[in-house]
Amino acid sequence: MKILLIAILLIANNAYSAGTRAISSGSRSYSSWSGAVTHVTDGDTLWVQPASGGDAVKVRIEGIDAPEICQSYGDTARAALAGLVLHQAVQVQTRAHDKYGRAVGRIRVSSGVDVGEWMVAQGHAWTNRYKRFAGLYGMQQQQAQAGRRGLFANADAQNPADFRKRHGTCHAGGAPDGPPHGVARRGMKKRV
């Protein structure tokens, strides 16, 4: 009887783990799922096609701020992110949606590399800071700056938040771009 009960519990646990799952941690609710990256918008935003099916999901990488696409180093940051994740299998852990409707979360490639951490460590993005909090990737940014990696090789590199205050966003209407051609966003019709 004990063996049968254990077998049932293991089967139920595996079935639960195979799909999308919600995790509650304190006041935050996380959703973990896997998929493949289909499009890279810029250095901190990408589209992921869930392995379980459905529409591609636009995800803003939590904890980083990459240069705007029209800003110096913006194209380089996007190319670096695309080189790491485009058409790759990823694990996504979302925690919220931003004012543009993008899911906000952490992303890991199949090798286990945290994409946000890698972008900051290589000098392709800043970590998000808040008052005295150095950000999720504060140590990686300090090391990238000290090593003059990526955008930190330029002494005049401008934080994207400062750039947006001075020049606004690069996107028409202030919102980041829509889904890539032929890809539907959850809740939206396909663009053709």
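A residue counts as partly exposed when its relative accessible area falls between the limits for buried, under 20%, and exposed, over 50%. Arg164, with a relative accessible area of 28%, is therefore partly exposed. The model described here is predicted.

The protein chain averages a pLDDT of 81, and 73% of the residues score at least 70. Two stretches fall below 50. One covers residues 4–27, where the pLDDT is below 50. This stretch has 19 contacts in the model beyond near neighbours in sequence. The other covers residues 181–192, again with a pLDDT below 50. Here the model shows 26 contacts beyond near neighbours in sequence. Where pLDDT is low, predicted coordinates should not be read in detail.

Five helices and eight strands make up the secondary structure of the protein chain. From the N terminus, the order of elements is α-β-β-β-β-β-α-β-β-α-β-α-α. Of the 192 residues, 37% count as buried. The accessible surface comes to about 11,100 Å², and carbon and sulfur atoms hold 53% of that area. Among contacts with a separation of 6 or more, 55% join residues 24 or more positions apart.

The structure holds eight salt bridges. Side chains of opposite charge can pair when their charged atoms come close. One such pair is Glu62 and Arg106, with an N to O distance of 3.9 Å. Glu62 lies in the loop between strand E4 (57–61) and strand E5 (64–65), and Arg106 lies in strand E7 (residues 103–109), so the bridge ties together parts that are 44 residues apart in sequence. Glu62 is buried, at a relative accessible area of 10%. Arg106 is partly exposed, at 31% relative accessibility.

A second salt bridge joins the side chains of Glu68 and Arg164 at 2.7 Å, N to O. This pair links distant parts of the chain, 96 residues apart. Glu68 sits in the loop between E5 and helix H2 (74–85), while Arg164 belongs to helix H5. Glu68 is buried, with a relative accessible area of 9%. Arg164, as stated above, is partly exposed. Both residues also take part in a network of salt bridges, in which they are linked with Asp44, Arg60 and Asp65.

Helix H5 spans residues 160–167. At its start, a side-chain oxygen of Asn159 reaches to within 2.8 Å of the backbone nitrogen of Ala161. Just after H5, Gly168 takes a positive phi of about 80°.

A further salt bridge lies within helix H2. Arg78 pairs with Asp75, and the closest N and O atoms are 3.2 Å apart. The two residues are three apart in H2, so about one helical turn separates them. Arg78 is partly exposed at 30% relative accessibility. Asp75 is also partly exposed, at 47%.

Arg78 and Ala125 are 47 residues apart in sequence, and their C-alpha atoms are 10.0 Å apart in space. Ala125 is found in the loop between helix H3 (115–121) and E8. Its relative accessible area is 0%, so Ala125 is buried. Leaving aside neighbours within four places in sequence, Ala125 is in contact with Ile64, Asp65, Ala66, Met119, Val120, Leu151 and Phe152. Asp65 is also one of the residues in the salt-bridge network.

Thr127 is found in strand E8. At 3% relative accessibility, Thr127 counts as buried. The side chain of Thr127 reaches the backbone oxygen of Gly63 at 3.3 Å. Residues up to four places away in sequence aside, Thr127 touches Gly63, Ile64, Val120, Ala134, Gly135, Leu136, Tyr137, Gly138 and Gln141. Ile64 and Val120 are thus among the residues contacted by Thr127, and both are in contact with Ala125 as well.

Strand E8 (126–127) is followed by a loop that leads to helix H4 (138–146), and Tyr130 is found in this loop. Tyr130 counts as exposed, at 56% relative accessibility. Together with Phe133 and Leu136, Tyr130 makes a nonpolar surface patch of about 330 Å². Leu136 is also among the residues that Thr127 touches.

Terms used. Residues numbered from 1 in each chain as written. Heavy atoms only, no water. Patch = residues over 30% accessible without salt bridge, like charges linked within 9 Å, V, L, I, M, F, W, Y side chains within 5 Å. Areas by Shrake-Rupley, 256 points an atom, 1.4 Å probe, with all protein chains shown as cover. Salt bridge = Lys/Arg side-chain N within 4 Å of Asp/Glu carboxyl O. Helix = DSSP H or I, 4+ residues; strand = E, 2+ residues; numbered from the N terminus. Buried < 20%, exposed > 50% of the residue type's maximum accessible area, 1.4 Å probe, protein only. pLDDT = per-residue confidence, 0-100. Contact = heavy atoms within 4.5 Å. Polar contact = N/O pair within 3.5 Å; in protein donor to acceptor, adjacent residues only side chain to side chain.
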